[in-house]
Amino acid sequence: MSEQIADVQQAALQAIEHAQTLNELNEVKVQYLGKKGEIQALMSQMRALPKEEKPAFGQMVNDCKETVTEVLEKKQQDLEVQATAAKLEQEKIDVTLPGDTIRIGTTHPLILIQNEIEDLFLGMGYKVAEGPELEQDHYNFELANIPADHPARDMQDTFYIDPTTLLRTHTTAMQMRELEKAHGQTPIKLICPGKVYRRDDDDATHSHQFMQCEGLVVGEHVTLTDLKGTLEFMANKMFGEGRKIRFRPSYFPFTEPSVEVDVSCPFCNGKGCSVCKGSGWIEILGAGMVHPHVLEMNGFDPEKCSGFAFGVGLERVAMLKYGINDIRNFYINDERFLNTFDRFD
Ligand code: DAH
């Protein structure tokens with residue numbers, strides 16, 4: 001009898017040893033320790049034994065069960081440790097591998113200038129207006145006092161889409177939209193930055209696409225002095241304290257009088273250098289008092305109100321401010337150029 005128990009025990013221990021996986025081990029467990037397993041089968045033989053043999057037999061089967069259970073549990077632990085180790089090995093991440101570099105762009109220099117101008121004028125209570133780049137002749141020319149056949153149309157070589165639709169040649173088109181929208185109500189204080197287009201041949205100082213920012217103030221008693229003070233403030237903020245500005249008479253159909261505005265050269269402080277070509281002054285924008293006829297056409301009474309306007313080229317400001325000598329740099333998207341503006345952000 002005891003031999004039979006010993007055989008079962010040995011077979012069980014061998015099976016445990018051979019089990020390679022937790023599943024296999026579980027099969028062994030069922031086979032030997034399960035309710036219908038071999039050790040339980042030994043137990044049920046006890047009933048047939050004479051009474052005096054029962055305790056010893058029972059003891060032996062129990063010992064066998066205990067031994068098998070103990071060895072099986074130990075094996076189970078080992079297999080679990082192995083399985084975890086294998087899983088970890090399989091899912092291992094090499095944290096020393098170099099990561100993917102995320103390339104973050106920098107703010108475009110023209111947007112830097114636009115942001116700077118917007119901040120400056122928002123601080124003075126102006127609003128920032130927008131308008132379409134695909135514009136109607138009506139706003140780009142007619143309302144700006146540039147009727148068909150006006151020689152000023154030749155000054156701005158225009159990309160026409162059809163006889164009445166064009167790519168706006170100046171942000172003055174937005175000025176006209178805003179004037180019309182106001183229905184004669186003052187005050188108006190706004191700037192309109194945006195892209196404009198002209199049929200120019202691209203070179204170091206010309207680009208068929210460029211950016212302007214228009215300024216417009218309309219109200220009672222708005223004077224040329226207000227314009228001068230505003231532009232002087234802007235010049236000091238954009239090019240550093242101590243800048244002076246000067247007005248030179250000029251002509252624009254939508255302003256009367258019209259002026260070209262120069263800023264004292266920020267590079268030589270007005271003494272004369274290669275940037276200002278020895279003059280001490282650099283031309284930065286066009287401006288003037290809104291032409292009475294423009295006010296009238298847009299529903300304002302020029303007897304009761306007046307206004308000033310200006311239009312500044314953003315490339316020109318950026319070129320002066322950052323020392324860029326070719327306008328095409330703004331449009332060819334060379335990262336070596338664009339990345340240098342990190343530090344201005
Ligand atoms: N529209 C003009 C241009 O593109 C610039 C300009 C000049 C705008 C005088 C104005 C202004 O508002 O008053 O050359």
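## A salt bridge between distant parts of the chain

In this predicted model, Glu-116 counts as partly exposed, with a relative accessibility of 23%. Lys-321 is likewise classed as partly exposed, at 29% relative accessibility. The side chains of Glu-116 and Lys-321 meet in a salt bridge, with a distance of 3.0 Å from N to O. This pair links distant parts of the chain: Glu-116 belongs to helix H5 (residues 109-122) and Lys-321 to helix H11 (residues 314-322), and the two residues are 205 residues apart.

As a general point, side chains of opposite charge can pair when their charged atoms come close. A search of the whole structure finds 16 salt bridges, among them the contact between Glu-116 and Lys-321.

## A salt bridge within one helix

Asp-78 forms a salt bridge with Lys-74, and the closest N and O atoms of the pair lie 3.0 Å apart. Both residues belong to helix H4 (residues 54-90); because they are four residues apart in this helix, about one helical turn separates them.

Are the two partners buried, partly exposed or exposed? Asp-78 has 35% relative accessibility and counts as partly exposed. Lys-74 falls in the partly exposed class as well, at 47%.

## Charged residues on neighbouring strands

A salt bridge also connects Asp-262 and Arg-246, whose closest N and O atoms are 2.9 Å apart. Asp-262 lies in strand E8 (residues 255-264) and Arg-246 in strand E7 (residues 245-252), so the pair ties together parts of the chain that are 16 residues apart in sequence. Asp-262 is buried, with a relative accessible area of 2%, whereas Arg-246 counts as partly exposed at 30% relative accessibility.

The contact between Asp-262 and Arg-246 is part of a wider arrangement: Arg-246, Arg-248, Asp-262 and Glu-283 are linked in a network of salt bridges. Glu-283 appears again in the largest pocket, where it is one of the lining residues nearest the centre.

## The sheet around strand E8

Seven strands form an open sheet with mixed pairing, in the order E1-E5-E6-E10-E9-E8-E7. Strand E1 (127-128) and E7 are the edge strands, each pairing on one side only. Strand E8 stands between E9 and E7 in this order and is mostly covered, with eight of its ten residues buried.

On one side, E8 runs antiparallel to E7 and is joined to E7 by seven bridges. A hairpin of two residues connects E7 to E8. Phe-252 stands opposite Thr-255 in E8, and Ile-245 stands opposite Val-263. On the other side, eight bridges join E8 to E9, and these two strands also run antiparallel. Val-263 has Ile-282 in E9 as its bridge partner. Val-263 is thus placed opposite Ile-245 and is paired with Ile-282.

In general, the side chains of a regular strand alternate between the two faces of the sheet.

## The largest pocket

The largest pocket has a volume of about 1200 Å³. Its lining comprises 47 residues, of which Phe-210, Glu-283, Ile-284, Gly-313 and Arg-316 lie nearest the centre. By class, the lining divides into 24 nonpolar, 15 polar and eight charged residues.

Which elements supply at least two residues each to this lining? They are helix H7 (152-155), helix H8 (172-181), strand E6 (209-219), E8, strand E9 (281-290), strand E10 (306-313) and H11. Strand E9 gives the most, with eight residues. Helix H11, which contributes to the lining, also carries Lys-321, the partner of Glu-116 in H5.

## The second largest pocket

About 160 Å³ of space lies in the second largest pocket. It is lined by 14 residues, and those nearest its centre are Gln-114, Pro-193, Gly-194, Lys-195 and Met-211. The elements giving two or more residues to this lining are H5 and strand E5 (188-197). The lining consists of six nonpolar, three polar and five charged residues.

## Domain arrangement

The domain assignment of the protein chain gives domain 1 (2-91) and domain 2 (109-338). The C-alpha centres of domain 1 and domain 2 lie 93 Å apart in the predicted model.

Methods:
Residues numbered from 1 in each chain as written. Predicted model: local features only at pLDDT ≥ 70, side-chain atom pairs only at ≥ 80, totals over all residues. Heavy atoms only, no water. Salt bridge = Lys/Arg side-chain N within 4 Å of Asp/Glu carboxyl O. Buried < 20%, exposed > 50% of the residue type's maximum accessible area, 1.4 Å probe, protein only. 1 Å grid on protein atoms, 1.4 Å probe; cavity = no way out; pocket = protein on both sides within 12 Å on 5 of 7 lines; lining within 4 Å. Points joined across faces, edges and corners; volume = space filled by probe spheres on them. Nonpolar A, V, L, I, M, F, W, Y, C, P; charged D, E, K, R; others polar. Domains from an automatic or database assignment. Pairing = 2+ DSSP bridges.
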